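Here are a few exercises to work through with the structure open beside you. Try each task before you read its solution.

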Amino acid sequence: MRRDVCCSGKTGWRGVVHAYADLIGLPDGCPVVTLFEGGTPLVPAPGLARAAGMDLDVRLKLEGLNPTGSFKDRGMTVAVSAALGEGARLVVCASTGNTAASAAAFAARAGVACAVVVPEGKIALGKMAQACAYGARIVAIRGNFDQALTAVRAIAATGAAALVNSVNPWRIQGQMTAAFEIVDELGSAPDWLVLPVGNAGNITAYWKGFREYWAKYKALGRNVGLPRLGGFQASGAAPIVRGRPIPDPETVATAIRIGNPASWRTAVAAAQESQGFIDEVTDEEILRAYSLLASTEGVFAEPASCAAVAGMLKMARTGRLRAGDRVVLVLTGNGLKDPDTAVAASRAEIAECDADVDSVARAMGL
Ligand SMILES: *Cc1c(COP(=O)(O)O)cnc(C)c1O
């Protein structure tokens, strides 16, 4: 077990390619473009277990602590490294926001150009701020994510640019490392891994990662087990649950506002093979979980991430969890990404007052 490399902030952590080079498999001599991503903490969440009304060991994988604030960095370090190694001058992606922020950051670091295609008006403010700051060319289409992806796939097919969406297998290779870290830290796979599902690359990557780690340790005579996967879509953007593409997906969780996931088939396989499932949660459940998470655990995750929290509560309600289960929730992105939703969802009242001590004390309710 690589306990030496599993925790954020530990000295010597130099990113996922350095930590797991053998399992990622970039070609020898490939340059490594890294922001020392990965190595994120797995934080206990007893308050959520209490809210579920069950004796559970709930842990939060804080992917919002990656360099650009989402798990996309794990795959982007590998995809941009491979693109640079192949001589690409331009990387492109379609994005609901976080892929754009991550691609733009790693492209800047690599010294290659980056163009991102996003659905107009549907990108959370923090993500747009990042793409601007990192210097990407931003193209806002009058359309949704699925149409953006179709366009960039066609452009990349001409050879004009390297595509760094999760249809790029290097993205999946990098994102597998989150599964490795969880097993490294717990010593074995959890009973359940619960995560949001959008374009479905991440659930695909986790399952591949858990299986590869299981096989690696089996060869060494040790059984680290496999988790069951619980994937959650937002009800307004739940093509896999409905069994058909959704032409106009809609949800407050913009990171999973996707109507025709590129990795649909592998996501369904991951759920089935792990004896798990893919289900849905409503925007109302997502926003309730969003407030609960921040106010009981002190963890601020963006709305899409909170589909995992809402999903875990739904699993408890519907009898899918058993007492004693160890459940890892993947909190995919940082709450600061989407300040508009935070302010709108909060009932916090801001008490204005004069600047003297008495007024401040009164305003504080003293
Ligand atoms: C990309 C993203 C997702 C969805 O991941 P997929 O691999 O597209 O299923 C969920 N949450 C956040 C914050 C994301 O950025």
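The expected span of a helix is 1.5 Å times one less than its number of residues. Keep that rule handy for the exercises below, and bear in mind that this is a predicted model.

**Exercise 1. Check the length of helix 7 (residues 145-157), then work out which way it faces.**

Solution. Start with the count: helix 7 has 13 residues. By the rule above, they should span 18 Å, and the end C-alpha atoms are indeed 18 Å apart, so expectation and model agree.

Next, list the buried residues, using the cut-off of under 20% relative accessible area. In helix 7 these are Phe145, Asp146, Ala148, Leu149, Val152 and Ala156. Looking down the axis of helix 7, you find these buried residues within an arc of 155 degrees, so they line one face of the helix. A general point helps here: an α-helix has 3.6 residues a turn, so residues three or four places apart point the same way.

Now turn to the other side of helix 7, where Thr150 and Ala157 are exposed. What do the buried residues of helix 7 pack against? Their partners are strand 3 (90-94), strand 4 (113-119), strand 5 (137-141) and strand 6 (162-163).

Finish with the two ends. At the start of helix 7, asparagine 144 brings a side-chain oxygen to within 3.1 Å of the backbone nitrogen of aspartate 146. Just after the helix comes glycine 159, with a positive phi of about 90 degrees.

**Exercise 2. Do the length check for helix 4, and decide how enclosed this helix is.**

Solution. Helix 4 has 14 residues, which should span 20 Å; its end C-alpha atoms are 20 Å apart, so the check works out.

For burial, 12 of the 14 residues of helix 4 are buried, so the helix is largely enclosed by the rest of the structure. The buried set includes charged side chains by name, so look them up: Lys72, Asp73 and Arg74 are among them. Glycine 87 follows helix 4 and has a positive phi, near 85 degrees.

**Exercise 3. Look at the loop between strand 2 (57-62) and helix 4 (72-85), and place threonine 68 and glutamate 63 in their surroundings.**

Solution. Take threonine 68 first. Its relative accessible area is 3%, so threonine 68 is buried. Beyond its neighbours within four places in sequence, threonine 68 is in contact with Asp73, Ala101, Ser102, Ala105, Gln130, Tyr134 and Lys337.

Glutamate 63 sits in that loop too. At 0% relative accessibility, glutamate 63 counts as buried. Its contacts, again leaving out residues up to four places away, include Arg74, Ala178 and Thr332. Alanine 178 is 115 residues away along the chain, yet its C-alpha atom is separated from that of glutamate 63 by 8.8 Å.

**Exercise 4. Alanine 200 and glutamine 275 each have a positive phi without being a glycine. Is each one buried or exposed?**

Solution. Alanine 200 has a phi of about 75 degrees and is found in the loop between strand 7 (192-196) and helix 10 (201-219). With a relative accessible area of 3%, alanine 200 is buried.

Glutamine 275 has a phi of about 60 degrees and lies in the loop between helix 12 (264-273) and strand 9. At 58% relative accessibility, glutamine 275 counts as exposed.

**Exercise 5. Describe how helix 13 (residues 283-297) and helix 14 (residues 303-317) are arranged.**

Solution. Two packed helices are described by the angle between their axes and the distance between the axes. Here the axes of helix 13 and helix 14 come within 8 Å and cross at roughly 100 degrees. That makes helix 13 roughly perpendicular to helix 14. To see who meets whom, pick out Glu285, Ile286, Ala289, Tyr290, Leu292 and Leu293 in helix 13; among the residues they meet in helix 14 are Pro303, Cys306, Leu313 and Arg317.

**Exercise 6. Find the side-chain partner of glutamate 280 in strand 9 (residues 277-281).**

Solution. First, burial: glutamate 280 has a relative accessible area of 18% and is buried. Its side chain makes a polar contact with the side chain of serine 235, at 2.7 Å. Residues touching glutamate 280 also include Phe232, Arg242 and Lys314.

Definitions and conventions
Residues are numbered from 1 along each chain as its sequence is written. This is a predicted model: local features need pLDDT of at least 70, side-chain atom pairs count only at pLDDT 80 or more; totals for chains, interfaces and linings use all residues. Side-chain values use heavy atoms; hydrogens and water are left out. Helices (H or I, at least four residues) and strands (E, at least two) are DSSP runs, numbered from the N terminus. Buried means under 20% relative accessible area, exposed over 50%, partly exposed in between (1.4 Å probe, protein chains only). The arc is that of the directions from the helix axis to the C-beta atoms. Contact means heavy atoms within 4.5 Å. A polar contact is a pair of N or O atoms within 3.5 Å; within protein, one must be able to donate a hydrogen and the other to accept it, and residues adjacent in sequence count only if both atoms are side-chain atoms. Axes are lines fitted to C-alpha atoms, for helices over the stretch in contact, and angles run from 0 to 180 degrees between N-to-C directions. Angles under 35 degrees count as roughly parallel, over 145 as roughly antiparallel, 65 to 115 as roughly perpendicular and the rest as oblique.
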